[in-house]
Amino acid sequence: MADDSIAVVDLDRCSPDRCNYECKNYCPPNRTGKECITLRGEDADEGQPDQVRISEEICLGETCGICVEKCPFDAIEIINLPQELQDDPVHRYGENAFSMYGLPVPQEGQVTGILGPNGIGKTTAVRMLAGELEPNLGNYGDPPGWEAVLDAYRGTELQDYIADVRDGDVTVARKPQYVDQIPSQFDGNTRELLERTDERGELDYLVDRLSIRPVMDQAIDDLSGGELQRVALAAALARDADFYFLDEITPYLDIGQRVTAARLVRELAEEDGKSMLVVEHDLAILDLLCDTLHMAYGEPGAYGVITDPKSVRNGINEYLKGYLENENMRIRPDRIEFEEHAPRTESQGDTLVTYPDLRKSYGDGEFSLDISGGEIRENEVLGIVGPNGIGKSTFAKLLTGDLEPTEGDAELDLDISYKPQYVTIDQPMRVDAFLSSITDQFGSSYWNTEIAQPLQLERIMEQNLSDLSGGERQRVAIAACLSDTADLYLLDEPSAHLDVEQRVQATRAIRRYAEQQDATVLVIDHDIYMIDLLADRLMVFDGEPAVAGHAGTPQSMRGGMNDFLSNLEITFRRDERTSRPRINKPDSQLDREQKREGEYYYAP
């Protein structure tokens, strides 16, 4: 195989007890007596003895690809690396395993961002910069050590930083990616967790800025996802460190909380000189937050490349175009377009259902939700936005009949397919068996093209539901919702745990399904990009979170977004090149002008 190719064997998928070693038996070099595909054997450092390894020196490369086609479990990839990729990997996890190329460059007193798909190595890069993972420069059998890594980066911007990591002169604070794992790692309440990390004496300030004082004495086990996210961010920022690594700060947060978190991180960089490296999928927040941006591209699970830093605007625009100019690299066949449909023209379809004024109260002194009556139209996508704890999921459950209203009649006489906010798995069955139990269309040409492919389900069909990651569970849940036969499809936070690519694909799948099947869809989400691309009309929730909420009557996108964003005191503009939504910097000239004119959602 040429030096610019790699062979990857997914050991989680390689199942020799369920196959006849078709990869090994049909391999052309093997059939001529060479040992290209062999068993790992008892001395294997990774995997099971009866799983296969591929000799990259003997393999004929992607031009052959017979083993890829013959493997019944899609466990093998033979990949030609980009011709522009001249450097050796900074790290490889093992034989026929994931390879990482390039590292981001933390800048003192700045916020550096990383944008790219899941499974592409962003967290791996963070771990290396944090000193938690020693780069092996591709020599997984004989790691060369930090001194060799320093030699490899001598004369670059990373030289001094790597020297400090080698010498132990860098202190690092890190916010983990999956905050829902915190309760399994810490047994106590919020105050106890945060006081353990308070090294700068700024804890009270962080607690108030992130609005977590009401949960200071609550057990970590009892916190919601949004509360855990803000507690984890406060815990990281409370430490006295040289560099702060923040791995996804927006999951579970509403748009107001996202903006607050972004502004807090920026202030610590600008006013206190703190150096931040942020991995994030919310493009609007990256735009508001970062000084520079690295792109991450490659093949998820196979190899990843971190580009040199770019300006934030150019980096995001190139990402949306699917073409990285300096790298001469196409990372996506199609552009992500905004020009044609934001805001969309208000749907004029017939009325599907009219609902009356409703009220749901959880008791004296508890949360209550008041809903103004309105109509849901046929063949529309109705977006639902509002802060966390304001009653959006309560409204969804009133529609589905999972909750009874305190006042009013919520009997809609509709078949509703519902994807809940939190996707839980309680069935010990495979993905394909689960989905085929929902629809007779499973496996049909239409279902594969319009649901399975855009939601990237092919490679997880044979996995058990309980073994899926958060993003995989989310995509299966979206597919299950759209596969059912219903009058109304209701999806609560479909963007959660999805990277940018997956959000775009999920958005397209939902929108195409609504258009092609003449379906009516309600989408609750905090991702402005997703709502911008999806919705015909908008329903806005406001009030005081966890105390009292109010659901307004569905209205046009412009009217609804103006109401929603004015409550948050945030204005959006369109990028001149791509027409994507961008948050105006607070108190900028354009921000003041749009607020003065009452146009928070793009100037018409």
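The protein exposes about 25900 Å² of surface, and carbon and sulfur atoms supply 40% of that area. The model is a predicted one. Its overall build comes first, then its cores, then two helices.

**Overall build**

There are 21 helices and 28 strands in the secondary structure. The radius of gyration is 25 Å, close to the 25 Å that the globule rule gives for 604 residues, so the protein is as compact as a globular protein of that length. The C-alpha trace spans about 75 × 60 × 50 Å along its principal axes.

How much of the chain is buried? Buried residues make up 54% of the 604. Contacts also reach across the sequence. Take those between residues at least 6 apart: 69% of them join residues at least 24 apart.

Charges can be placed too. The protein has 58 positive and 115 negative charges. The mean positions of these two sets lie 3 Å apart.

**Nonpolar cores**

In soluble globular proteins, nonpolar side chains tend to be buried together. Here the largest nonpolar core holds 119 residues. Which members touch the most others? They are Leu 237, Met 276, Leu 435 and Leu 457.

Look at Leu 237. Leaving out residues up to four places away in sequence, Leu 237 touches Arg 200, Leu 206, Tyr 244, Leu 246, Leu 264, Val 265, Leu 268 and Met 276. A second core of 29 residues is separate, and its members include Ile 114, Ile 120, Leu 129 and Leu 158.

**Two covered helices**

Why is helix 4 described as largely enclosed? Six of its eight residues are buried, so the rest of the structure largely encloses this helix. Leu 129, named above in the second core, is one of those buried residues. Helix 13 is mostly covered, with seven of its 10 residues buried.

| Helix | Residues | Buried residues |
|---|---|---|
| Helix 4 | 122–129 | Lys 122, Thr 124, Ala 125, Val 126, Met 128, Leu 129 |
| Helix 13 | 312–321 | Val 312, Gly 315, Ile 316, Asn 317, Glu 318, Tyr 319, Leu 320 |

What do the buried residues of helix 13 pack against? Two helices and four strands are listed by name here: helix 12 (283–289), helix 18 (500–516), strand 7 (111–115), strand 11 (292–299), strand 13 (310–311) and strand 14 (323–324).

A glycine follows each helix. Gly 131 comes just after helix 4 and takes a positive phi of about 80°. Gly 322 comes just after helix 13, with a positive phi of about 80°.

Technical notes: Residues numbered from 1 in each chain as written. Predicted model: local features only at pLDDT ≥ 70, side-chain atom pairs only at ≥ 80, totals over all residues. Heavy atoms only, no water. Core = buried A, V, L, I, M, F, W, Y, C linked by side-chain atoms within 4.5 Å. Buried < 20%, exposed > 50% of the residue type's maximum accessible area, 1.4 Å probe, protein only. Contact = heavy atoms within 4.5 Å. Rg over C-alpha atoms; globule rule 2.2 N^0.38 Å. Areas by Shrake-Rupley, 256 points an atom, 1.4 Å probe, with all protein chains shown as cover. Lys, Arg positive; Asp, Glu negative; His and termini not counted. Charge placed at Lys NZ, Arg CZ, Asp CG, Glu CD.
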